[in-house]
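Biologist: Please take a close look at chain A and describe in detail what surrounds it. I should like one connected account, with the criteria behind each term.

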Amino acid sequence: MSDLLKTDFAGIPFKNPVVLASGTCGFGREYNEIFNLEKLGGISSKGLTLRARAGNEGIRIWETASGIMNSVGLENPGVRGFIQNELDWINSLDLVNIVNLGGHSIEDYIEGTELLNEVRFDILELNISCPNVKAGGMNFGVKTEFAREVVRKIRSVCRHTLVVKLSPNAEDIVALARACEEEGADGISLINTFLAMAIDINKRKPVFENTYAGLSGPAIRPIALRMVNQVAKAVTIPVMGMGGITSWQDALEFIMAGAAVIQVGTGSFMDPKAAPAIADGLESWAASQGLGSIGEVRGIV
Amino acid sequence: MSDLLKTDFAGIPFKNPVVLASGTCGFGREYNEIFNLEKLGGISSKGLTLRARAGNEGIRIWETASGIMNSVGLENPGVRGFIQNELDWINSLDLVNIVNLGGHSIEDYIEGTELLNEVRFDILELNISCPNVKAGGMNFGVKTEFAREVVRKIRSVCRHTLVVKLSPNAEDIVALARACEEEGADGISLINTFLAMAIDINKRKPVFENTYAGLSGPAIRPIALRMVNQVAKAVTIPVMGMGGITSWQDALEFIMAGAAVIQVGTGSFMDPKAAPAIADGLESWAASQGLGSIGEVRGIV
Amino acid sequence: MAEILSNQRLSRDFYLMETAFPNTTGMGQFYMLRAWKEYPILSRPISAFDAGPDKVSFLYKTVGTGTEIFSRLRPGDEITLQGPLGNTFPEVSGSIAMVGGGVGIAPFNLAARRIKAASPESRIDLYLGFSDEAVLVDQFSAAADTVTVNVGGFITDEIDPSRYDYVFTCGPEIMMKVLFEKCRASGCGDKLYVSMENRMACGIGACLVCSCRTVHGNRKACKDGPVFRAAEVFGL
Amino acid sequence: MAEILSNQRLSRDFYLMETAFPNTTGMGQFYMLRAWKEYPILSRPISAFDAGPDKVSFLYKTVGTGTEIFSRLRPGDEITLQGPLGNTFPEVSGSIAMVGGGVGIAPFNLAARRIKAASPESRIDLYLGFSDEAVLVDQFSAAADTVTVNVGGFITDEIDPSRYDYVFTCGPEIMMKVLFEKCRASGCGDKLYVSMENRMACGIGACLVCSCRTVHGNRKACKDGPVFRAAEVFGL
Ligand SMILES: Cc1cc2nc3c(=O)[nH]c(=O)nc-3n(C[C@H](O)[C@H](O)[C@H](O)COP(=O)(O)OP(=O)(O)OC[C@H]3O[C@@H](n4cnc5c(N)ncnc54)[C@H](O)[C@@H]3O)c2cc1C
Ligand SMILES: Cc1cc2nc3c(=O)[nH]c(=O)nc-3n(C[C@H](O)[C@H](O)[C@H](O)COP(=O)(O)OP(=O)(O)OC[C@H]3O[C@@H](n4cnc5c(N)ncnc54)[C@H](O)[C@@H]3O)c2cc1C
Ligand SMILES: Cc1cc2nc3c(=O)[nH]c(=O)nc-3n(C[C@H](O)[C@H](O)[C@H](O)COP(=O)(O)O)c2cc1C
Ligand SMILES: Cc1cc2nc3c(=O)[nH]c(=O)nc-3n(C[C@H](O)[C@H](O)[C@H](O)COP(=O)(O)O)c2cc1C
Ligand code: FES
Ligand code: FES
């Protein structure tokens with residue numbers, strides 16, 4: 001791989017701007033059996049919470065037109081479990097190690113961040129937006145002022161590069177992104193899943209036990225792209241864009257819209273090698289256009 | 001057609017709850033050549049503005065994964081043109097005649113409403129949410145307090161049954177719906193299209209001249225359904241639900257989520273007879289379940 | 001629903017598909033074609049290449065999702081046809097040139113045949129421009145008096161519009177504009193009729209996504225067109 | 001990519017599809033199948049019905065979009081197979097019952113053959129429950145010692161679990177639970193192995209949408225399963 005795709009993100013060098021999205025790739029071990037993970041720029045871990053969680057009951061996945069709804073509910077081994085069993089392995093790989101942290105209360109976020117302060121990785125991706133946790137996890141990502149408060153508190157303790165992951169369910173995603181920047185976030189990633197619903201008409205009940213669940217995939221790509229464009233124009237910190245990216249052409253749209261790095265989630269379910277194929281495709285395109293660096297087309301729209 | 005599907009909506013009787021959505025069916029003449037429009041409960045006219053508009057330049061339609069983006073920009077003959085050339089014909093049909101009114105300023109809305117006060121039709125559907133009009137049309141539908149102001153002013157002049165059509169781009173769609181109810185709206189319809197974006201990577205430019213355009217179709221159905229459910233639970237006035245409905249099963253999900261009436265937009269492009277097929281399908285289902293009325297399952301989720 | 005009678009590959013990306021469908025199609029009219037249920041959303045507008053009482057055939061080029069699905073259909077498969085839709089080329093007689101670029105040649109088989117049938121004394125010269133490989137030249141030759149083929153160049157270079165009473169054209173917008181300028185330059189811009197291939201959704205005049213700006217205000221490409229006087233759409 | 005060798009309709013909604021694919025598939029393992037590009041999003045998990053060094057075949061039932069696309073594939077078409085995935089039934093010997101309900105019978109052709117090949121002295125009784133029409137009974141008969149077929153009733157009524165060293169089952173969750181209760185009642189709940197058909201997205205253990213609650217905490221149906229001791233998943 002040439003240098004065409006090298007990307008600096010808030011001082012962290014990515015060999016290419018392609019990252020596996022949180023929650024869709026575990027801690028990378030499984031995909032590493034399918035392709036060499038080091039072909040990618042980075043990986044974002046399954047969303048961690050301070051304590052281990054068993055996740056939600058009932059159906060966790062439902063297909064919709066060009067989308068999927070999930071209600072995993074942050075099943076994860078907890079920050080300590082992650083540090084014990086996964087961290088060293090990910091650190092042994094030559095890629096950017098992004099740790100995704102979710103939470104249900106500011107206290108949990110802070111304690112999780114403090115535990116993570118003690119270990120080495122590249123970026124903390126603060127998920128203030130998981131729609132599958134009933135107990136309020138959502139609210140931090142909806143109202144600008146709640147988001148501001150979490151980011152301020154986490155920033156004051158966090159020793160890592162801090163990226164805040166935004167929810168498309170935010171009331172005003174642009175204002176919220178600006179608040180994150182003001183509070184010292186080093187970058188923004190967006191979008192998490194859309195709050196959505198499905199009903200089983202035979203049972204006359206919601207499909208999901210939590211009634212609502214999170215929609216991702218190509219269906220929502222045009223909305224995600226618009227939000228990435230709006231946010232990238234509004235902040236000066238770099239942006240990681242995601243939402244329905246399945247091909248290098250999709251990825252390029254996000255880059256042209258202003259994303260420095262892109263993440264691939266649902267796309268990996270359609271083709272487990274989607275992410276490395278996107279990196280290859282971007283590189284061929286950049287070469288074919290005679291670019292010196294992919295950065296030349298970033299944000300040109 | 002039996003009485004199974006009869007639906008009262010804010011005192012207006014619908015023979016069935018299936019309506020063609022604004023902007024996707026002109027003023028009904030073309031679809032009436034394909035099926036008998038009177039098979040439907042109603043039709044919502046192309047969005048009118050006080051004065052005739054030529055609409056937007058450039059590409060107006062773009063396909064996305066299970067969705068379409070449009071940027072028609074309210075091309076319409078104006079309220080007077082509509083009254084002169086279309087109204088009598090629609091009134092001659094046995095169905096609920098819904099007139100959709102858009103606007104760019106409160107003054108225009110008021111003047112349009114006053115002109116419409118002079119003529120006969122069943123429901124005024126106030127579109128406070130068209131994303132394709134640069135000059136602010138959007139804002140009324142985003143912020144609760146702006147919406148409240150328009151609805152208050154229009155309510156004070158409007159002599160027709162007033163339904164307010166909400167945008168999924170609203171900051172807080174539930175609060176906004178409540179504000180509409182408080183200001184005297186007789187019903188709510190939702191959702192209009194999602195603000196979205198597409199980029200032509202070869203031209204390195206947005207596909208649409210206005211950069212953003214409105215996303216509709218099955219792609220956004222799960223989000224629309226969630227919003228309809230939230231709004232239907234939050235207000236006591238009746239709700240018209242729409243967003244990606246293509247089959248009677250989809251329609252039934254919206255009804256179970258709380259919609260009294262449903263509208264079909266993009267679905268008609270997939271099958272021009274989608275709307276009457278939905279009415280037939282709902283009726284067979286209601287009969288097969290031994291219901292006395294479709295109202296028995298409304299809002300049961 | 002119509003049954004596919006044949007679906008033949010003519011070149012790298014041109015196909016000819018014949019379907020069983022009762023119709024009375026005018027020259028220049030099109031159908032909305034759909035060979036899938038949910039994905040993609042929109043049906044695809046394709047001109048009638050030929051049409052008899054119970055058959056319609058289509059000449060199409062694979063450019064994306066929809067046309068690629070068409071190319072995989074086999075005899076016996078079903079396809080949904082909505083149409084015929086739109087207006088027709090004017091039923092004129094005299095000496096007529098028909099200039100097609102790429103798959104824009106499609107309507108001129110039917111157009112040439114129809115005009116010849118109505119006024120056998122008319123003279124029809126076909127100009128067909130291809131980017132890599134000519135197709136169906138024999139078939140077109142049987143329909144017209146002469147056929148001029150250009151591969152890889154500019155078909156508009158081959159024609160002298162002043163020699164004709166009418167010129168019909170269909171193809172890339174840029175080609176049609178060049179031809180219009182050529183006609184205008186030789187003082188006969190009003191002879192030229194164009195078939196506009198705007199993107200469409202409903203195909204029947206209800207949604208206004210296909211609007212053409214014309215000197216007489218907006219017109220719907222699907223219903224008022226696809227055929228317009230060139231001066232109406234390019235004369236602005 | 002694998003080539004379809006045959007794709008045969010067996011009854012109203014059961015199909016047997018044979019594909020050319022090099023593999024070493026264990027009994028009870030499955031593949032993620034995909035015969036489309038973008039729509040629907042997810043690939044479909046289907047158990048191996050039979051597997052040789054360079055062929056895998058699948059017994060499937062058409063229930064929705066994905067399986068209907070499979071049913072339209074013809075010999076020579078291509079399909080994407082990801083796998084083999086998941087764990088296998090335990091390699092046991094002795095007297096073994098295999099109880100399949102509906103298309104849940106699929107894994108037991110391979111399972112019966114593999115166990116017979118490894119320990120020819122083992123006795124295998126197959127119990128196949130169908131809702132409307134029995135299929136492939138000859139093929140199953142060749143793989144096992146006895147085959148008991150039930151159409152339209154409860155296959156779980158036919159079996160006396162206490163007669164067996166092991167019982168394997170796959171089918172609707174309600175059927176598997178009934179069987180587990182039956183085994184437990186006759187004091188042999190620990191003999192029973194179930195294959196769980198949870199909804200899946202990644203199929204490889206990365207996304208956690210297929211989690212099973214077990215007595216040992218969550219397990220991934222796609223990676224730790226699909227085969228579990230029944231007492232682990234139903235014994236809660
Ligand atoms: C009235 C009319 C008659 C037509 N007649 C024919 C015909 O006889 N034969 C034929 O092959 N084609 C014809 N077309 C064009 C044809 O409709 C498009 O090529 C087709 O819709 C592309 O579909 P797709 O899914 O394969 O491509 P998509 O995946 O939708 O798009 C692939 C490429 O085609 C472009 N495209 C998409 N829609 C159109 C369109 N409406 N016009 C021009 N470019 C488009 C896109 O920008 C993209 O670059 C006609 C179009 C119209 C409006
Ligand atoms: C490990 C495993 C092995 C399987 N082996 C086989 C097999 O050998 N043969 C076979 O025919 N099927 C098998 N299945 C079930 C098969 O995966 C589903 O029937 C298939 O995914 C349905 O896809 P569809 O697009 O046709 O239906 P959809 O349109 O997705 O759904 C149609 C109906 O099927 C139900 N459904 C969807 N996915 C599943 C699922 N994973 N499990 C149960 N019900 C579901 C839906 O609720 C719906 O009612 C297996 C499933 C798993 C998890
Ligand atoms: C099964 C699943 C699990 C997810 N879990 C998490 C998570 O734990 N933390 C998080 O920040 N985002 C999570 N997400 C959201 C994705 O990281 C991503 O933001 C979203 O799916 C949009 O991208 P996509 O359309 O490419 O999937 C999850 C998504 C899916 C589909
Ligand atoms: C081409 C097009 C034009 C539209 N024009 C209008 C309009 O003039 N006024 C309006 O209120 N909604 C308009 N809409 C929005 C639809 O009425 C509807 O709210 C939206 O498309 C979601 O429903 P659907 O997914 O069934 O299409 C338009 C939608 C489309 C696709
Ligand atoms: S395509 Fe709908 S009006 Fe022409
Ligand atoms: S399907 Fe993804 S973990 Fe099992």
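Modeller: The account below takes the two interfaces of chain A in turn and then the ligand site.

This is a predicted model, in which local features need pLDDT of at least 70 and side-chain atom pairs count only at pLDDT 80 or more, whereas totals for chains, interfaces and linings use all residues. Residues are numbered from 1 along each chain as its sequence is written, chains are lettered from A and ligands numbered from 1 in the order in which they are written, and side-chain values use heavy atoms, with hydrogens and water left out.

I begin with chain D. Here 28 residues of chain A are in contact with 25 residues of chain D, contact being heavy atoms within 4.5 Å. Between these chains about 2,100 Å² is buried, and carbon and sulfur atoms give 59% of that area. Buried area is the accessible area, taken with a 1.4 Å probe, that two parts lose on being put together, summed over both.

Charged pairs join the two chains. A search of the whole structure finds 52 salt bridges over all chains, and three salt bridges are counted between chain A and chain D. The term denotes a side-chain nitrogen of Lys or Arg within 4 Å of a carboxyl oxygen of Asp or Glu. One such pair is D:Lys220 with A:Glu30, whose closest N and O atoms are 3.5 Å apart. This pair crosses between chains, with D:Lys220 in strand β14 (residues 217-220) of chain D and A:Glu30 in helix α1 of chain A. Helices (H or I, at least four residues) and strands (E, at least two) are DSSP runs numbered from the N terminus. In a salt bridge between D:Arg44 and A:Glu63, the N to O distance is 2.8 Å.

Polar contacts add to this picture: 14 residue pairs, both members at pLDDT 80 or more, meet the rule across the interface of chain A and chain D. The rule asks for a pair of N or O atoms within 3.5 Å; within protein, one must be able to donate a hydrogen and the other to accept it, and residues adjacent in sequence count only if both atoms are side-chain atoms. On the side of chain A that touches chain D, at least two residues each come from α1 (29-32), β5 (61-64), β6 (67-70) and α10 (267-270) of chain A. The most is given by β5(A), with three residues. By class, that side has 14 nonpolar, eight polar and six charged residues. In this scheme Ala, Val, Leu, Ile, Met, Phe, Trp, Tyr, Cys and Pro count as nonpolar, Asp, Glu, Lys and Arg as charged, and the others, Gly among them, as polar.

Next comes chain B. In this interface 42 residues of chain B are in contact with 41 residues of chain A. The area buried between them is about 3,300 Å², with 65% of it from carbon and sulfur atoms. Of the area that chain B buries against chain A, B:Ile201, B:Arg204 and B:Arg226 supply 21%, more than any other three residues. Zero salt bridges are counted between chain B and chain A, but there are 11 residue pairs in polar contact, both at pLDDT 80 or more. Two or more residues of the side of chain B that touches chain A come from each of β11 (194-197), β13 (205-206), β14 (212-216), α8 (221-234) and α9 (248-257) of chain B. That side of chain B has 27 nonpolar, eight polar and seven charged residues.

The ligand site completes the account. Ligand 3 is surrounded by 22 residues, of which A:Ser22, A:Lys165, A:Ile191, A:Gly244 and A:Thr266 are the closest; a residue is near a molecule if one of its heavy atoms lies within 4 Å of it. Because residues from chains A and D surround ligand 3, the site is shared between chains. The shell comprises five nonpolar, 15 polar and two charged residues. Oxygen atoms of the ligand lie 3.2 Å from a polar side-chain atom of A:Asn127 and 3.5 Å from a polar side-chain atom of A:Asn192. The backbone also takes part, with a polar backbone atom of A:Gly244 2.7 Å from an oxygen atom of ligand 3. On its own ligand 3 has 610 Å² of accessible area, and the protein covers 98% of it. Accessible areas come from the Shrake-Rupley method with a 1.4 Å probe; for residues, only the protein chains shown count as cover.
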